[in-house]
Amino acid sequence: MKLAIQNISKNYGKKQVLNDISFEMENGVYGLLGPNGAGKSTLIRILTGIMDANSGQLMVDGKPRKFNDREYRSKLGYLPQSLDFYPEFSGLDYLRFVAELKGIGGEAAESKIKTLTEQVHLTNDLHRKCINYSGGMKRRLGIAQALLNDPEILILDEPTAGLDPHERIKFRNLISIFSRNRTVLLSTHIVSDIDSIAKKTVMIKDGKVGRMES
């Protein structure tokens with residue numbers, strides 16, 4: 001799948017947060033690198049359909065996303081910067097809840113949950129309450145929920161925020177595994193999160209693309 005971000009701009013009132021952003025992505029890991037406040041999360045919210053741009057568009061395999069929004073969303077997996085859990089939810093409850101939201105039920109949901117939790121090493125903790133998970137466990141649960149619909153596009157917003165160096169390494173290894181045959185956009189302000197796994201890095205600062213590094 002080919003994604004083309006074309007001349008996307010976004011204003012909040014008189015403040016311009018994104019200014020004419022353009023780049024392209026295909027299969028593999030792409031890094032979106034920039035300091036906090038650079039506009040990364042705003043761009044990700046636009047790419048995930050949470051908000052609209054003031055101008056510009058996202059092209060999906062040569063077609064404007066707005067004309068195929070339902071199909072695009074069905075192929076999208078998203079890990080936001082922070083995950084919210086109902087206090088009474090266990091890890092299993094949470095994944096079943098997300099599966100229902102994504103239209104996956106019954107044996108298909110249970111099979112997918114079993115496979116993904118084994119891959120992210122959460123099988124033994126599924127019946128614990130999510131609010132008692134460590135930061136690393138919450139991130140791994142977040143990856144599992146993002147992958148429930150077997151997405152072709154995986155978007156991760158600051159996925160290693162709050163993790164210690166050991167957990168960050170484990171998380172990068174998971175992303176490398178899950179990026180096969182997928183387009184992955186990983187937003188971060190930490191260079192080491194992407195320097196060994198990204199095929200290309202998009203540098204963003206003050207709402208503008210600075211340069212792209214392969």
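**View 1. The largest pocket takes up a volume of about 430 Å³.** Of the 21 residues lining this pocket, L76, Y78, V98, K102 and Q145 sit closest to its centre. Keep in mind while you look around that this is a predicted model. Helix 2 (69–74), strand 6 (76–79) and helix 3 each hand over at least two lining residues, and helix 3 gives the most, with four. Sort the lining of the largest pocket by class and you get 12 nonpolar, six polar and three charged residues.

**View 2. The second largest pocket holds about 210 Å³ of space.** Its lining includes I8, I46, L47, M51, D52 and A53, and also G56, Q57, L58, P64, R65 and K66. Helix 1 (40–47) and strand 4 (55–60) are the elements that give two or more residues to this lining. Strand 4 gives the most, with three. By class, the lining of the second largest pocket counts seven nonpolar, two polar and three charged residues.

**View 3. Helix 3 (residues 91–101) has a buried side.** The buried residues here are G91, L92, Y94, L95, V98 and A99. They span an arc of only 160° around the axis, so they end up on the same side of helix 3. Here's the handy background: an α-helix has 3.6 residues a turn, so residues three or four places apart point the same way. What covers the buried residues of helix 3? Helix 4 (106–119) and helix 5 (135–146) are among the things that do. Flip to the face turned away from the buried side, and you'll find the exposed residues E100 and L101. After helix 3 comes G103, with a positive phi near 80°.

**View 4. In helix 2, D69 and R73 join side chains in a salt bridge (2.7 Å, N to O).** The two are four residues apart in helix 2, which means about one helical turn separates them. D69 counts as partly exposed because its relative accessibility is 23%, and R73, at 40%, counts as partly exposed too. Another salt bridge pairs the side chains of K75 and E71 (3.0 Å, N to O). E71 is partly exposed, at 41% relative accessibility.

**View 5. D193 and R168 make a salt bridge, with their closest N and O atoms 3.9 Å apart.** This pair ties together distant parts of the chain, 25 residues apart: D193 lies in the loop between strand 8 (183–188) and strand 9 (200–205), while R168 belongs to helix 6 (residues 165–178). Is D193 buried or exposed? D193 is buried, with a relative accessible area of just 1%. Elsewhere, R65, D69 and R73 are joined into one network by salt bridges that share partners. Altogether, the structure holds 11 salt bridges.

Definitions and conventions: Residues numbered from 1 in each chain as written. Predicted model: local features only at pLDDT ≥ 70, side-chain atom pairs only at ≥ 80, totals over all residues. Heavy atoms only, no water. Buried < 20%, exposed > 50% of the residue type's maximum accessible area, 1.4 Å probe, protein only. Arc of directions from axis to C-beta. Contact = heavy atoms within 4.5 Å. 1 Å grid on protein atoms, 1.4 Å probe; cavity = no way out; pocket = protein on both sides within 12 Å on 5 of 7 lines; lining within 4 Å. Points joined across faces, edges and corners; volume = space filled by probe spheres on them. Nonpolar A, V, L, I, M, F, W, Y, C, P; charged D, E, K, R; others polar. Salt bridge = Lys/Arg side-chain N within 4 Å of Asp/Glu carboxyl O.
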